[in-house]
Amino acid sequence: MSSLALVNVGALVTGVLAAPRADADAILVEDGHIVELGTSSRAGGADVVVDCVGTTVIPGLIDSHCHVVLGDYTPRQKQVDFLDSYVHGGITSVVSAGEGVHAPGRPHDPVAAKAIAIAAAKCFAGFHPNGMKVVAGSVILEPGLTDSDFAEMARHGVRHAKYGFGGYRHPADGAPDVRRAQAHGLCVMSHSGGTSIPGSSPISHEVLLTLQPDVCGHVNGGTTSLDDDGVTRLVRESPMALQLVQAGNLRSALHILRVAREAGAMDRVCLGSDTPTGTGVMPLGVLKTICELASLGDLDPEIAVALATGNNARAFRVTTGTIAPGQPADLVVCDAPVASSARDALGAIRRGDIPGISCVVIDGQVRVGRSRNTPLARRLATIRGAAIGPAAH
Ligand SMILES: [Zn+2]
């Protein structure tokens, strides 16, 4: 059995919206799972000890809108190792937004849509760049997919579906297929707003209310936002999860946040980057969104973190995202950046400064020491008992 302890934790952010802070100053991990939130004095005997020197621990971030295809490569931006680099941005899990979207030469027939989703689910089940958990196997809904197709996909590990890029004549025509995917246990995310790539159709709030997907993807625009009254209706008249992304419209994201808060619907708000896309490869995409919503949306930093962790986990039915006994140990140690006037990571987020990451743990293993992508943390965690590569700042 391997053990890990994080000690001298200054602030512990749980990722749980209803209880976003915990009082412990140590996290004890065995065989990849958190076994106890406790006190540093009990953590001495662990194989690996991360001394957080009074800084902040948050759950590994989940990017709930990531454009993976196959491997650690984005055909859209022709870059390799982007997932490895996202781990340096505190992202320990990504949820695929449909591998077919950026597959070169994307075919529109249902057989190919099914085949790509199954292939992606099975490939990423055994491929973890820098430890990254890639929740892949997100079928693009296409006319002609049958009940037995969905049953076959579900049997082979496909758990998500993406609506909005298929060959439907009118966007609302896909409602029966959304329902069919849901009946087979798939979590369906729909495109929302204007078209993002040539050939896709705009999806208005009226269409979303008809489709009733589980998640309104990039509801602040992917990249062009819906009108403000439309998103207000989505918040008030449906139970759908509302995904805000970095690659959308920030003004719209702040509006949706305000409406969701007034409606008591914060548990439905979740965050993603919607990258790699035309917006680029953004290892800090999720962290940046957290900082923007907290600093401009008057949101407590630990709540903003919960939107990108526990809320994502619930909306997309993944098992990571919160710090609690029994959970996988996916953890990020961070502090205010060197030059910030904030005293700690939460203070930095509150004023819109990207915190500096000094350690990332996935499944109880130290994957990153000093991040090569964030600003330098003022206080750096020290790591004993684990070898990690040097950070190339
Ligand atoms: Zn997207």
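Let me start with H65, which in this predicted model has a relative accessibility of 1% and therefore counts as buried, since buried means under 20%. H67 can be treated in just that way, because its relative accessibility is 3%, and so H67 counts as buried too.

What do these two histidines bind? H65 and H67 each give their NE2 atom to the zinc ion, and D274 joins them as a protein donor through OD, with the donors lying 2.1 to 2.3 Å from the zinc ion. If you follow the donor residues along the sequence, you will find the spacing H-x1-H-x206-D.

Next, please turn to helix α7, which runs over residues 250-262. Its 13 residues, at 1.5 Å a residue, should span 18 Å, and the end C-alpha atoms of the helix are 19 Å apart, which agrees with that expectation. Which residues of α7 are buried? They are S252, A253, L254, H255, I256, L257, V259 and A260, and what covers them includes the helices α6 (228-237), α8 (285-296) and α9 (301-307), together with the strands β17 (241-245) and β18 (269-272).

Finally, let us go to the surface, where V338, L376 and L380 make a nonpolar patch of about 220 Å². Where does V338 sit? V338 is in the loop between β19 (331-335) and α11 (345-350). With a relative accessible area of 47%, V338 is partly exposed, because that value falls between the 20% below which a residue is buried and the 50% above which a residue is exposed.

Terms used. Residues are numbered from 1 along each chain as its sequence is written. This is a predicted model: local features need pLDDT of at least 70, side-chain atom pairs count only at pLDDT 80 or more; totals for chains, interfaces and linings use all residues. Side-chain values use heavy atoms; hydrogens and water are left out. Donors are N, O and S atoms within 2.8 Å of the metal (3.2 Å for Na, K and Ca); water is not among the atoms, so sites may look incomplete. Buried means under 20% relative accessible area, exposed over 50%, partly exposed in between (1.4 Å probe, protein chains only). Patches are made of residues with over 30% relative accessible area and no salt bridge: like charges are joined within 9 Å, nonpolar side chains (Val, Leu, Ile, Met, Phe, Trp, Tyr) within 5 Å. Accessible areas come from the Shrake-Rupley method with a 1.4 Å probe; for residues, only the protein chains shown count as cover. A salt bridge is a side-chain nitrogen of Lys or Arg within 4 Å of a carboxyl oxygen of Asp or Glu. Helices (H or I, at least four residues) and strands (E, at least two) are DSSP runs, numbered from the N terminus. The expected span of a helix is 1.5 Å times one less than its number of residues. Contact means heavy atoms within 4.5 Å.
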